[in-house]
Amino acid sequence: MDMRVFDLFKIGVGPSSSHTVGPMLAARRFLLECADLAQVNHVEVALYGSLALTGVGHATDKAVLLGLLGETPQDVVPETMDAKIAEIVASKKLSLLGEYRISFNVATDLLWHKQESLPGHPNGLKFTATRRDGSVTSQIFYSTGGGFIQSEHELGHEPAVAPITKPFPFGSMDELLAHGERSGLSLVAMMRANEAVYEGDAELNARLDTIWHVMRDCIETGLREEGILPGGLMVKRRAAKLWRAAQENAASLPHDPIHKVSLYAMAVNEVNAAGGRVVTAPTNGAAGIIPAILRYYAQDCQQIDPENGVRDFLLVASAVGMLCKKNASISGAEIGCQGEVGVACAMAAAGLTAALGGTNQQIEAAAEIGIEHHLGMTCDPIGGLVQIPCIERNGMGAVKAITAASLALHSDGTHHVSLDQVIETMRHTGFDMQAKYKETSLGGLAIHVVTVNHAAC
C-alpha cells in the first residue's frame, strides 16, 4: 500500500477535511496545472453533490477561494481567512495564485449544483478557466475524504509512477499480521521500517512529534476559548467552561481521566468548528478522538517513555487508517460517519493498545471493536455544520476507544470478527445507506431540527 502515516495525519484548518481541506487543495492544484495561467481572465467553479448541499456550512466556498489565491491548508493563517474572503466579495477581484488578478463574482462564478452529483464520488468539483484568446481548460476533481483529492483521470486508476518498495507491504490486516508472524516484529517496528524507505529515524520522529504538538496545542486552545461557534446555530463552546469547573471543584465532573478525555476531544472539535488549526485524523469531523487519547496516554497512563509511546501510537493508528481508506472509505459523504468517527475510534484504540505494549493480535482486536460499535452511524449534521452531533460524537468516540483498548488488552487477542471483516462490513453498510444520511443534510437530525439559513461567503 503506497500510503504514509502523514497521508492520514495532515495539518490543516477546519471545519472539514473533505469539504474544506480537499477543495482548497483542488483549487490550487488546478491552477498549478493550468497552462498559460497568465493569460486566464475568467475562472468558474462548480460544486456538486454533498459539496453543494452542505458546502456553505462546511466553508467549501471559502476554501475554494483561498485555494485559488494559492493558499494551502497547512500554511494559511486561520485569523486572516475571513478578511481575504471579504476582500474578494467586495472587490469582485481575485489574484490567481496571488499573482494574476482577474474579475471574480462569487454570486455567478461559484456554482452550487445541489440536485446533481458527478459519477466518481459525492464530493465533486469542476474548474473551468477561460483565456483571453477564448481557449478553455476544464478539470474535475473529487475530494475523497480526509483531505485526499483525485482528478477525474486518477480516480480508480493506479498512479503512473511505480510505488516505492517497502519491506512490509500490506493491503489487509491479515497480510500485516502474517508479516509479523514471519519476522517476529511488532506492528510498530514494521510500520517504522516501511517509513524508513522515505526518511531516517530522526526525521520521522521529528515529523511525528510535530503532529502531536499541533494536536496538543489544539486541545489547549479548545480548553481555553469560549463563546459562540460561527454558522448561525448559536452553539456555545462548552469544553473550556467544563474544564475550568473541573479544576475549581474536584468533586464535579469530569473528575477522572475517562471523563476528561471526552472534553479533550470536544475541545479539538470546537476549534475545528471555528475554522481553527487542527490535524486531520483521519478527517476533520473526527479530529478530536486521536488527540484526546494521545493526551490521556501521555498524562494519565504513567508510562516510562511516553514520548516514544506517542510515536508508536501514531504509526500503528495510521496503519488502521490506511486499511480503512483503501478497503472502505473515510468519507462521511460516501459511507456515513462510521467512516469518520468509527475509523478514528478504531485508529485510537489500536494506537493506545500498541503504546501500552499490546501484541499484534490485541492491536487488531482493539481496532475491530472500535469500528464494530460504530457500524451504521449516519452523517447528518444540522445545518451542514460540523457541530451537532459532531462535537459530542467525538467525545463519545474517545471514551469508546479507551474501552476498546481495555477489552483487547485484557484478552489474549483472539476474537470472532477480524478487522478486515469489519472494514468490509462497514463498506457494504455505507453503500447500502440512503444518500440522505451521508453528509447531505437531507435526513436524520438535519431535517428534524429547525435551523437558520446560511449565506455563502
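This report describes the two domains of a predicted model and three of its residues.

## Domains and their interface

The domain assignment divides the protein chain into domain 1, residues 19–143, and domain 2, residues 173–449. Their C-alpha centres are 30 Å apart. Each side brings residues to the contact: 17 from domain 1 and 17 from domain 2.

The size of an interface is often given as the accessible area lost when the parts come together. Between domain 1 and domain 2 about 1,100 Å² is buried, and 55% of that area is on carbon and sulfur atoms. Six residue pairs are in polar contact across the interface, while the number of salt bridges between the two domains is zero. On the side of domain 1 that touches domain 2, at least two residues come from each of α2 (17–32), α3 (50–53) and α5. The residues of this side comprise eight nonpolar, eight polar and one charged.

## Threonine 72

Threonine 72 sits in the loop that runs between α4 (60–68) and α5 (78–91). Its relative accessible area is 10%, so threonine 72 is buried, the limit for that class being under 20%.

Not counting residues up to four places away in sequence, threonine 72 touches Met24 and Arg28. Arginine 28 is 44 residues from threonine 72 in sequence, yet the C-alpha atoms of the two are 7.7 Å apart in space.

## Lysine 260

Helix α11, residues 257–273, contains lysine 260. With a relative accessibility of 24%, lysine 260 is classed as partly exposed, because that value falls between the 20% and 50% limits. Alanine 246 is 14 residues away from lysine 260 in sequence, and the C-alpha to C-alpha distance between them is 8.9 Å.

## Serine 441

Serine 441 belongs to the loop between α18 (419–432) and α19 (445–448). Its relative accessibility is 17%, and it therefore counts as buried.

Two backbone atoms can be listed with the side chain of serine 441. The backbone oxygen of proline 381 is 2.9 Å from a polar atom of that side chain, and the backbone nitrogen of glycine 384 is 3.2 Å from a polar atom of the side chain of serine 441. Proline 381 and glycine 384 also appear among the contacts of serine 441 when neighbours within four places in sequence are left aside. The other residues in that list are Thr54, Gly383, Ala446 and Ile447.

Note on methods. Residues are numbered from 1 along each chain as its sequence is written. This is a predicted model: local features need pLDDT of at least 70, side-chain atom pairs count only at pLDDT 80 or more; totals for chains, interfaces and linings use all residues. Side-chain values use heavy atoms; hydrogens and water are left out. Helices (H or I, at least four residues) and strands (E, at least two) are DSSP runs, numbered from the N terminus. Buried means under 20% relative accessible area, exposed over 50%, partly exposed in between (1.4 Å probe, protein chains only). Contact means heavy atoms within 4.5 Å. Domain bounds come from an automatic or database domain assignment. Buried area is the accessible area (1.4 Å probe) that two parts lose on being put together, summed over both. A salt bridge is a side-chain nitrogen of Lys or Arg within 4 Å of a carboxyl oxygen of Asp or Glu. A polar contact is a pair of N or O atoms within 3.5 Å; within protein, one must be able to donate a hydrogen and the other to accept it, and residues adjacent in sequence count only if both atoms are side-chain atoms. Ala, Val, Leu, Ile, Met, Phe, Trp, Tyr, Cys and Pro count as nonpolar, Asp, Glu, Lys and Arg as charged, and the others, Gly among them, as polar.
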